Amino acid sequence: MLFRSLAVFPFLSVMQMFLTSGRAGRLSVDHVRGGQLWLERGEITHAEAGRLRGDHALQFMASLDAGVFTFEVDQPPPNRTMNLRRDPALRRLLEDNAAWEPLLRTFPDWNKRLRFTAKWSETQPVTRTQYRILNLISDSGNIRTLLERTAAPPRLVLETLKPFLLADLIDIN
């Protein structure tokens, strides 16, 4: 088993190392935005982050910029939700990671909760997608839990919520 900090070895570099080496096993990252990835012969075969599975879990984990990872050799995946080879996997992680940067500046602490402010009105016009996402705010714990409870991709959820936060219709506490 390999155990290291992402402060020393950035997540994308760690993924490049494991995918290029062709190692098989489970990569676990302990962090509020962490989860687990299963690798086989230079391919991502499964991803989990809380309740998220597959593509959504991988997108969720692409936001990582800290945490501690462990790699357990020859751990088989519980399911095969992905067949993402090395180059497409690294390209996707790189693109997703870059797309997360502005959202992480707006939503830096996923342990915090979102709530409606006094400026919010039930007559606020919203789209169906916005309604579905906003409807989760009142009974979700923290931001991570909210992202796990929706069927939408995690980045889309925060991109949808960002204008409401910037307009002071919701806030983080």
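Which residue in S3 does Ser 28 stand opposite? In the predicted model, the partner of Ser 28 is Gln 36 in S3. This pairing belongs to the contact between strand S2 and strand S3, residues 36-40, where four bridges join the two strands in an antiparallel arrangement. The connection from S2 to S3 is a hairpin of five residues.

Strand S2 also pairs with strand S6, which comprises residues 68-73. Here six bridges are found, and the sense is again antiparallel. Within this pairing, Val 29 stands opposite Phe 69 in S6. S2 itself covers residues 25-30 and is mostly covered, five of its six residues being buried. In general, side chains in a regular strand alternate between the two faces of the sheet.

These strands form part of a protein with six helices and nine strands. The radius of gyration is 17 Å, which agrees with the value near 16 Å that a compact globule of 173 residues would have. Along the principal axes, the C-alpha trace spans about 55 × 30 × 25 Å. Of the 173 residues, 46% count as buried. Among contacts between residues at least 6 apart in sequence, 73% join residues at least 24 apart.

The surface and the charges were also examined. The protein exposes about 8900 Å², of which carbon and sulfur atoms supply 49%. There are 23 positive and 19 negative charges, and the mean positions of the two sets are 1 Å apart.

Technical notes:
Residues are numbered from 1 along each chain as its sequence is written. This is a predicted model: local features need pLDDT of at least 70, side-chain atom pairs count only at pLDDT 80 or more; totals for chains, interfaces and linings use all residues. Side-chain values use heavy atoms; hydrogens and water are left out. The radius of gyration is taken over C-alpha atoms; the globule rule is 2.2 Å times the number of residues to the power 0.38. Buried means under 20% relative accessible area, exposed over 50%, partly exposed in between (1.4 Å probe, protein chains only). Contact means heavy atoms within 4.5 Å. Accessible areas come from the Shrake-Rupley method with a 1.4 Å probe; for residues, only the protein chains shown count as cover. Lys and Arg count as positive and Asp and Glu as negative; His and the chain ends are not counted. The place of a charge is taken as NZ of Lys, CZ of Arg, CG of Asp or CD of Glu. Two strands pair if DSSP finds at least two bridges between them.
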